[in-house]
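This report goes through selected helices, strands and cavities of one protein chain. The sequence and the structure come first, and the account follows.

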Amino acid sequence: MVTVDPAFRSFLSAAPPEEAGLDALTLGRRIRELRTNRRMTLDALAAAIDRAPSQVSMIENGKREPRLSMLRTIATALGTTVDDLLKTDAPSERAALEIAVERAQRGPVFTALGLPHIRVGRGTSDETLQTLLSLHNEILRLHRERAATPEEARRANVELRATMRARDNYFPELEAQAQRLLAAVGHTGGPVSHQVVADMATHLGYSLHYVGDLPNSTRSVTDKRNRRIYLPTEQSASRDSRSPILQAFATLLCEHEEPGNYAEFLSQRVETNYLTAAILLPEKDTVKLLTEAKNLRRISMEDLRDAFAVSYETAAHRFTNLATARLDVPVHFMKVHESGTMIKAYENDSVRFPSDALGAVEGSTVCRNWTARTVFHVADRFSPWYQYTDTPSGTFWCTSRIEKAKEGDYSVSVGVPFTHVKWFRGRETNNRAVSTCPDESCCRRAPEDLSERWSGQSWPAARTPTSLLAALPTGTFPGVDQTEVFQFLESHAPVR
């Protein structure tokens, strides 16, 4: 019996949706297999069903689908049943290889390259067929990689956000992972120190190495073979130096494999960031602090930040994880660039984020009347900014802060519906705005008096983002230079 490599099994089973059931190729190969097993020639079968040999050949080659009446005649001639002929699986593993090669030759790759059709006969070895499939599969992968568009990434993001919303952005299995790791190193409460993080590395059997030549496209590099985690010697002032280490741990604890597509990459990144935050702000201690604050009606992102010595963004993220599942508070979260572009967002409180036709919010422009935008015009950036905003989907209260990064300033905002503002510090604010977006008259269209005065009289030079025309990052880990990483690991591997 022909043995097919497992990798080929997955490829053979990955037929396009329209080929998932019975197709002419499978039917034809099944008829041919039965005929040859019965030592019947093509001419003999043709004579038995009263058809020309050329017609039978076309059926066996999957170029013609016989009518049901002819199928009955063929089944009788072959001493089998119509049900047997209509089975959707290939009659043998060799036939599966032949069918896969034929499908490939009829597909867009062969057509686009103008390759001649290769006739697969008995003398064509399995190795040749597998080689053809490998080449076709790799070319197809490269084409798909090149064809990956921002729309594909945005669609994957939309699907991921829907999953997160269905779970209220709460993942108990990751909470349990964080709890086990913290317990293993004897952490009993309070901020997670660098020493505790180092103890976690030892517990997991890894050593930490700070180097000055970490590849530019990475925050850390994990050497699984030698159980080392490489980190940069220069720490960013805007990033928590514990986070890259914990993110490396998270990937190990979640047993992530190399992502096979962009959606898988995004999902792994969400899990990594979630687990990192769950370690820095342990669920039990965080829920206790937030519950006490809720009872006193003074929930505050600043207090959460200070209690666990994390950034405001990490505190806001963590609150979003726990707010609905553990405090029964619906919530929305936003990270918005100073240009008004939304970078990250999550909601389960029915706030209406701006979005494109795919439902993606990342890259959309936030209403200039929302807290996430008005905070940029506040003179006092050291105090939290609170605001009520009346929107078409209801009134929401938000608290927002500005954080700096190398790409510019960002606002990080957490908001709740009006009925839940009673639990928060800052609810007494008099700051109020009205947003009628997506109505263009709200903030996307200039006021009539200004339009009358300046329409046709201005020509601004657009400050086009460098990323606007850039291709979507490709590769197993999008945006990472794999050659650079492998060269780095080779140069730092311990000499044995």
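In this predicted model, the cover over the buried residues of helix H20 includes strand E1 (207–211), strand E2 (221–223) and strand E3 (228–232). Helix H20 spans residues 482–492, and its buried residues are Val-485, Phe-488 and Leu-489. They lie on the same side of H20, because the arc they cover around the axis is only 95 degrees. An α-helix has 3.6 residues a turn, so residues three or four places apart point the same way. The face of H20 turned away from the buried side carries Gln-487, Glu-490 and Ser-491, which are exposed.

Helix H5 (residues 68–78) can be described in the same terms. Its buried residues are Met-70, Leu-71, Ile-74, Ala-75 and Leu-78. These residues are placed on the same side of H5, since they cover an arc of only 140 degrees around the axis. What they pack against is a set of helices: H2 (24–37), H3 (42–48), H4 (53–60) and H6 (82–85). Just after H5 comes Gly-79, with a positive phi of about 70 degrees.

One of the helices packed against H5 is H2, and Thr-26 lies in H2. Is Thr-26 buried or exposed? Thr-26 has a relative accessible area of 3%, and the cut-off for buried is under 20%, so Thr-26 counts as buried. When neighbours within four places in sequence are left aside, the contacts of Thr-26 are Lys-87, Thr-88, Asp-89, Ala-90, Ile-99 and Arg-103.

The next part concerns strand E8 and its partners. E8 covers residues 408–417, and 10 of the 10 are buried, so the strand is largely enclosed by the rest of the structure. On one pairing, E8 meets E4 in the antiparallel sense over six bridges; here Lys-335 stands opposite Val-412 of E8. E8 is also joined to E7 by 10 bridges, and these two strands run antiparallel. Within the E7 pairing, Glu-403 has Tyr-410 in E8 as its bridge partner. E7 and E8 form a hairpin, with two residues between them.

The loop between E8 and strand E9 (432–434) contains Phe-418. Phe-418 has a relative accessible area of 44% and is partly exposed. Which residues does Phe-418 contact, leaving aside its neighbours within four places in sequence? They are Tyr-388, Thr-395 and Phe-396. For one of these, Thr-395, the C-alpha to C-alpha distance to Phe-418 is 5.6 Å, although the two are 23 residues apart in sequence.

The structure also contains two cavities of 30 Å³ or more. Rolling a probe the size of a water molecule over the atoms shows where empty space is left. The table sets the two cavities side by side.

| Cavity | Volume | Lining by class |
|---|---|---|
| Largest | about 60 Å³ | five nonpolar, four polar and no charged residues |
| Second largest | about 40 Å³ | four nonpolar, two polar and three charged residues |

The largest cavity is lined by His-332, Met-334, Val-351, Trp-370, Thr-371, Thr-389, Thr-391, Phe-396 and Cys-398. At least two residues of this lining come from each of strand E4 (332–337), strand E6 (385–391) and strand E7 (394–405). Phe-396, which belongs to the lining of the largest cavity, is also among the contacts of Phe-418.

Around the second largest cavity, the lining consists of Val-375, Val-378, Asp-380, Arg-381, Ser-383, Trp-385, Ser-400, Arg-401 and Ile-402. E7 gives the most to this lining, with three residues. Strand E7 thus has a part in the linings of the largest cavity and the second largest cavity, besides its hairpin with E8.

Finally, some totals for the protein chain. Its secondary structure comes to 20 helices and nine strands. Of the 496 residues in the chain, 44% are buried. Among contacts with a separation of 6 or more, 63% are between residues 24 or more positions apart.

Definitions and conventions. Residues numbered from 1 in each chain as written. Predicted model: local features only at pLDDT ≥ 70, side-chain atom pairs only at ≥ 80, totals over all residues. Heavy atoms only, no water. Buried < 20%, exposed > 50% of the residue type's maximum accessible area, 1.4 Å probe, protein only. Helix = DSSP H or I, 4+ residues; strand = E, 2+ residues; numbered from the N terminus. Arc of directions from axis to C-beta. Contact = heavy atoms within 4.5 Å. 1 Å grid on protein atoms, 1.4 Å probe; cavity = no way out; pocket = protein on both sides within 12 Å on 5 of 7 lines; lining within 4 Å. Points joined across faces, edges and corners; volume = space filled by probe spheres on them. Nonpolar A, V, L, I, M, F, W, Y, C, P; charged D, E, K, R; others polar. Pairing = 2+ DSSP bridges.
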